[in-house]
Amino acid sequence: MSPSGRLFRGIAVGVGAGLFASHVMNQFQKAWSAMDGSGSKPGPAPEPVTVKVADRLCLAVTGKPIPKTFRPFAGEVAHYGLGAALGAAYAGAAHFQPAVTAGAGSGYSSAVWLGLDEGLLPALGLGDKWADVPAGKHAYGLISHLIFGLSLDGARRLVNRAWR
């Protein structure tokens, strides 16, 4: 297979691994919410950041917000779309610089957490300001992303191994 063919295949595997890792991350977050009771607090639940991102994109493209009935689905699309894109980026980077995979995806996903959840999203007004978030919620975000990264790397390696 040509070098560009290997790169394309690796990125395709990364997309699939990113989708898988997003699902694993979702399952962890659902289990965590069930254990700590955060999913059963009285009153309306705060809107997930993924819904806010999807709504902002929809407003930019169409000039209209996402209708209420589609907001949860749009949030899932944003979450899985980002997971697929992060998987593609990880696989592409690993193709050119295998050292990216040191730590089995944990370094990559920690950088994503720091840059995205702790940096870009709050800066854009889509997430809470860093100082307003309790330490436990920062830890929850980091753990969620570590689970994403380890799942991403594990799935990518497994599929690549099977493909050989």
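Which backbone oxygen lies 2.7 Å from a polar atom of the side chain of T101? It is the backbone oxygen of P98. Please keep in mind that this is a predicted model, and that goes for each distance I mention today.

I will stay with T101 for a moment. T101 is found in the loop between α3 and α4. Is T101 buried or exposed? Its relative accessible area is 12%, and buried means under 20%, so T101 counts as buried. Besides the backbone oxygen of P98, the side chain of T101 has a polar contact of 3.3 Å with the side chain of R157. If we set aside the neighbours within four places in sequence, T101 is in contact with Y90, A94, D153, R156 and R157.

Another residue in that loop, between α3 and α4, is A104. A104 has a phi near 55°, which is a positive value in a residue other than glycine. With a relative accessible area of 30%, A104 is partly exposed.

Now back to R157, the partner of T101 in that 3.3 Å polar contact. The side chain of R157 also meets the side chain of D153 in a salt bridge, at 2.4 Å from N to O. Where do these two residues sit? Both are in helix α5, 4 residues apart, so about one helical turn separates them. D153 is buried, with a relative accessible area of 2%, whereas R157 is partly exposed, at 32%. Both D153 and R157 are also among the contacts of T101.

That brings me to salt bridges in general. How many salt bridges does the structure hold? There are 4, and I will cover two more of them. One is between E47 and R71, where the closest N and O atoms are 2.7 Å apart. This pair links distant parts of the chain: E47 is in the loop between α1 and α2, R71 is in helix α3, and their positions lie 24 residues apart in the numbering. E47 counts as partly exposed, at 34% relative accessibility. R71, with a relative accessible area of 13%, is buried.

The other salt bridge joins the side chains of D55 and R71, at 3.1 Å from N to O. Again distant parts of the chain are linked, with D55 in helix α2 and R71 in helix α3, 16 residues apart. Here both partners, D55 and R71, are buried. R71 therefore appears in a pair with a partly exposed residue, E47, and in a pair with a buried one, D55.

Last, the nonpolar core. How many residues does the largest nonpolar core have? It has 13, and those with the most contacts inside it are L86, Y108, V112, F148 and L152. The elements giving two or more residues to this core are α1, α3, α4 and α5. Which element gives the largest share? That is α4, with 4 residues.

Take L86 as an example from that list. Leaving aside neighbours within four places in sequence, L86 is in contact with Y108, V112, F148 and L152.

To recap: T101 sits in the loop between α3 and α4 and has a polar contact with R157. R157 forms a salt bridge with D153. R71 forms salt bridges with E47 and with D55. The largest nonpolar core draws two or more residues from each of α1, α3, α4 and α5.

Notes: Residues numbered from 1 in each chain as written. Predicted model: local features only at pLDDT ≥ 70, side-chain atom pairs only at ≥ 80, totals over all residues. Heavy atoms only, no water. Core = buried A, V, L, I, M, F, W, Y, C linked by side-chain atoms within 4.5 Å. Buried < 20%, exposed > 50% of the residue type's maximum accessible area, 1.4 Å probe, protein only. Contact = heavy atoms within 4.5 Å. Polar contact = N/O pair within 3.5 Å; in protein donor to acceptor, adjacent residues only side chain to side chain.
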